[in-house]
Amino acid sequence: MNHHVPVLLAESTNLVITNKTGTYFDATLGFGGHTSSFLSQLDKNSKLVATDKDIDAYTFCEEKFANDGRVELYNAAFTEIRNISLVDNIEGFDGIFADLGVSSFQFDNKDSGFTYREEAVLDLRMNKTVGAPAHKFINNAEQEEIADVIYNYGEERKSRLIAKSIVNERIIQPIETTTQLKMAIQKVVPVKNLNKTLSRVFQALRIYVNNELEELKDFLGKAVDLLKTGGRIVILSYHSLEDRIVKEFFKYQALSCVCPLEVPVCVCDKESRLKILTRKPIVAREAELKSNPRSRSVKLRAAEKI
Ligand SMILES: C[S@@+](CC[C@H](N)C(=O)[O-])C[C@H]1O[C@@H](n2cnc3c(N)ncnc32)[C@H](O)[C@@H]1O
């Protein structure tokens with residue numbers, strides 16, 4: 001079974017690996033596609049640490065890389081990067097990589113509840129032991145709060161109407177499954193827009209229950225601290241909210257001064273910490289777009305520690 005086809009594999013590998021004997025961090029292990037490619041370029045005495053929140057991905061890769069002494073895996077959030085480096089006695093990384101979002105396996109697996117296409121418990125957490133499932137939020141939050149989540153994280157213009165329909169439905173019966181949520185949305189969205197709207201609402205709830213944007217910001221800050229000089233950070237994102245965070249973060253880290261324009265001489269202590277390697281993000285080429293639909297929305301941004 002093909003659990004997940006890695007996106008921009010050659011481009012990511014070429015950018016991340018700069019030292020064959022170095023130490024690397026793959027923040028989003030998934031089914032080990034990128035990890036395998038990185039390892040294929042690394043020598044015997046290199047090291048690769050990887051994290052994934054998802055227990056299925058972690059267990060799969062534990063077996064996949066069981067005989068490779070260079071690999072150390074953690075079933076943990078990537079925001080644990082600092083703690084992990086302390087435990088493993090790692091002073092700095094030569095490369096840090098993240099391929100954000102969910103894997104095709106998580107998305108297609110009917111039990112994960114990540115997709116509106118399959119009937120499942122409305123959960124949407126990558127780690128089912130942390131936080132609360134999406135149905136708890138949907139059944140308990142104020143209408144306004146639901147609308148805000150759908151608008152802010154799904155960029156869905158009908159957020160208020162959808163939230164109202166959700167609240168009307170949950171008065172009759174709690175919304176526990178993906179299908180029940182889909183039916184509540186169907187009532188207020190025309191058929192021709194339904195799939196797009198459902199994707200946006202499910203994306204919004206996923207981002208909310210996994211605290212994805214806050215974790216990404218936290219991770220980026222820690223990652224730059226832990227990069228060695230000349231080390232690279234490479235991030236693949238799949239929607240504009242994530243991409244904006246990565247873009248703005250790199251831009252800010254690249255600045256050597258943040259004084260207001262009217263200040264004649266620099267008085268801030270800001271130092272440039274990153275050199276941006278991708279002035280424009282790298283996107284998938286025609287051949288990859290044809291063979292892997294997941295690559296449609298990818299944006300790769302890379303930077304180097306100064
Ligand atoms: C797009 S997939 C990665 C696929 C992987 N590059 C491959 O080639 O198989 C994203 C993975 O990151 C994991 N993930 C997402 N956010 C995470 C976080 N904050 N911490 C750890 N893992 C995370 C998901 O569980 C998922 O398995």
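**Notebook: one predicted chain**

I started with Asp269, which lies in the loop between H12 and strand E6 (274-276). This is a predicted model, and I read every entry below with that in mind. I looked up the accessibility of Asp269 and got a relative accessible area of 75%; the cut-off for exposed is over 50%, so Asp269 is exposed. I then took a distance from Asp269 to Val209: the two are 60 residues apart along the chain, and their C-alpha atoms are separated by 37 Å.

**Whole chain**

I counted secondary structure next and found 13 helices and seven strands in the protein chain. I checked the radius of gyration, which is 21 Å; a compact globule of 306 residues would have one near 19 Å, so the two agree. I put a box around the C-alpha atoms along the principal axes, and its sides came to roughly 60 × 60 × 40 Å.

I looked up burial for the chain: 53% of the 306 residues count as buried. The exposed surface is about 15,500 Å², and carbon and sulfur atoms supply 50% of it. I also looked at charges: there are 42 positive and 42 negative ones, and their mean positions are 7 Å apart. For contacts between residues at least 6 apart in sequence, I noted that 68% join residues at least 24 apart.

**Cores**

I went through the largest nonpolar core, which has 31 residues. The members that touch the most others are Phe25, Phe219, Leu220, Ile233 and Ile235. I listed the elements that each supply at least two residues of this core: helix H4 (81-87), strand E4 (93-99), helix H11 (212-226), strand E5 (227-237) and helix H12 (240-254). H11 gives the largest share, seven residues.

I followed Leu220 further. Apart from its neighbours within four places in sequence, Leu220 is in contact with Ile233, Ile235, Ile245, Val246 and Phe249. I also noted a second, separate core of 29 residues, with Ala134, Ile138, Ala147 and Ile185 among its members.

**Helices H1 and H2**

I looked at which residues of helix H2 (residues 33-40) are buried, and wrote down His34, Thr35, Ser37, Phe38 and Leu39. These buried residues pack against helix H1 (9-16), strand E1 (23-26), strand E2 (47-51), strand E3 (71-74), E4 and E5.

From H1 I picked Ser12. Its relative accessible area is 0%, and the cut-off for buried is under 20%, so Ser12 is buried. Not counting neighbours within four places in sequence, Ser12 is in contact with Val7, His34, Phe38, Phe97, Leu236 and Leu300.

**Positive phi**

I looked for positive phi values outside glycine, since most residues other than glycine have a negative phi. Leu8, in the segment before H1, has a positive phi of about 45°. I checked its burial, and at 0% relative accessibility Leu8 counts as buried.

Leu124 also went on the list, with a positive phi near 70°. I placed Leu124 in the loop between H5 and helix H6 (134-140). The relative accessible area of Leu124 is 0%, so Leu124 is buried.

**Val102**

I found Val102 in the loop between E4 and helix H5 (104-108). Its relative accessible area is 9%, so Val102 is buried. Leaving out residues up to four places away in sequence, Val102 touches Phe107, Phe114, Met126, Arg206 and Arg294. I took the distance to one of these, Phe114: Val102 and Phe114 are 12 residues apart in sequence and 8.8 Å apart C-alpha to C-alpha.

**Thr229**

My last lookup was Thr229, in strand E5. Is Thr229 buried or exposed? Its relative accessibility is 66%, so I entered Thr229 as exposed. Thr229 touches Lys305 and Ile306, with residues up to four places away in sequence left out. I measured out the sequence gap in residue numbers: Thr229 and Lys305 are 76 residues apart in sequence, and 5.0 Å apart in space, C-alpha to C-alpha.

Methods:
Residues numbered from 1 in each chain as written. Predicted model: local features only at pLDDT ≥ 70, side-chain atom pairs only at ≥ 80, totals over all residues. Heavy atoms only, no water. Helix = DSSP H or I, 4+ residues; strand = E, 2+ residues; numbered from the N terminus. Rg over C-alpha atoms; globule rule 2.2 N^0.38 Å. Buried < 20%, exposed > 50% of the residue type's maximum accessible area, 1.4 Å probe, protein only. Contact = heavy atoms within 4.5 Å. Areas by Shrake-Rupley, 256 points an atom, 1.4 Å probe, with all protein chains shown as cover. Lys, Arg positive; Asp, Glu negative; His and termini not counted. Charge placed at Lys NZ, Arg CZ, Asp CG, Glu CD. Core = buried A, V, L, I, M, F, W, Y, C linked by side-chain atoms within 4.5 Å.
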